[in-house]
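User: I am new to reading protein models, and I would like to learn how to interpret a few features, one at a time. Could we work through this one together?

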Amino acid sequence: MTEARIGRQPTRQLKTLLRRADFLRVAAARRRSVTPGFILQAAIQPEDIAEHAPRVGYTASRKVGNAVIRNRAKRRLRAIVRELMPSLAKDGTDYVLIARQETPARDFALLQDDLRHALQRVEPRRQRAAS
């Protein structure tokens with residue numbers, strides 16, 4: 001069923017971060033919010049990005065658990081991002097969600113609340129143009 005058929009407005013498309021260099025750049029920006037469910041990092045996109053749609057990356061270290069648990073954690077993070085980020089994310093911003101040990105078992109509604117609060121706290125600051 002298409003979105004038009006079920007009466008929802010089409011949502012803004014999010015892009016996915018895939019390159020290691022992008023993950024490292026976002027981590028270096030030092031804009032982060034730690035919640036019980038995950039860590040959210042944010043950075044302004046580089047100037048050479050043609051399309052300024054928000055981009056999101058996901059990661060889960062072995063501290064979270066075995067491969068099955070890590071994949072479950074990332075699936076849950078993708079689900080909350082799919083629901084909330086199109087309306088809350090800022091254009092021209094890259095985000096990285098890092099799973100924590102609590103991510104796979106945390107209540108889904110609490111993960112959503114975590115994302116709402118984290119997005120408010122990590123709003124990246126734009127660099128002022130040199131005059």
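User: In which strand is Asp 94 found?

Analyst: Helices (H or I, at least four residues) and strands (E, at least two) are DSSP runs, numbered from the N terminus. Here, Asp 94 belongs to strand S5, which covers residues 93-99. This is a predicted model, in which local features need pLDDT of at least 70 and side-chain atom pairs count only at pLDDT 80 or more, while totals for chains, interfaces and linings use all residues. Residues are numbered from 1 along each chain as its sequence is written, and side-chain values use heavy atoms, with hydrogens and water left out.

User: Is Asp 94 buried or exposed?

Analyst: Buried means under 20% relative accessible area, exposed over 50%, and partly exposed in between, with a 1.4 Å probe and protein chains only. Asp 94 has a relative accessible area of 0%, so it is buried.

User: With which side chains does the side chain of Asp 94 make a polar contact?

Analyst: A polar contact is a pair of N or O atoms within 3.5 Å; within protein, one must be able to donate a hydrogen and the other to accept it, and residues adjacent in sequence count only if both atoms are side-chain atoms. The side chain of Asp 94 makes one such contact with the side chain of Arg 55, at 2.7 Å, and another with the side chain of Gln 45, at 3.1 Å. For contact in general, the criterion is heavy atoms within 4.5 Å; leaving aside neighbours within four places in sequence, the residues in contact with Asp 94 include Leu 17, Arg 25, Val 26 and Gln 41.

User: How many bridges join S3 to S5?

Analyst: Two strands pair if DSSP finds at least two bridges between them. Seven bridges join S3 to S5, and the two strands run antiparallel; in one of these pairings, Phe 38 has Ala 99 of S5 as its bridge partner.

User: Which way do S2 and S3 run?

Analyst: Strand S2 (residues 31-34) is joined to S3 by four bridges, and these strands run antiparallel. They form a hairpin with three residues between them, and Arg 32 has Gln 41 in S3 as its bridge partner.

User: Why is strand S3 described as largely enclosed by the rest of the structure?

Analyst: The description rests on burial: five of the seven residues of S3 (residues 38-44) are buried, so the strand is largely enclosed by the rest of the structure.
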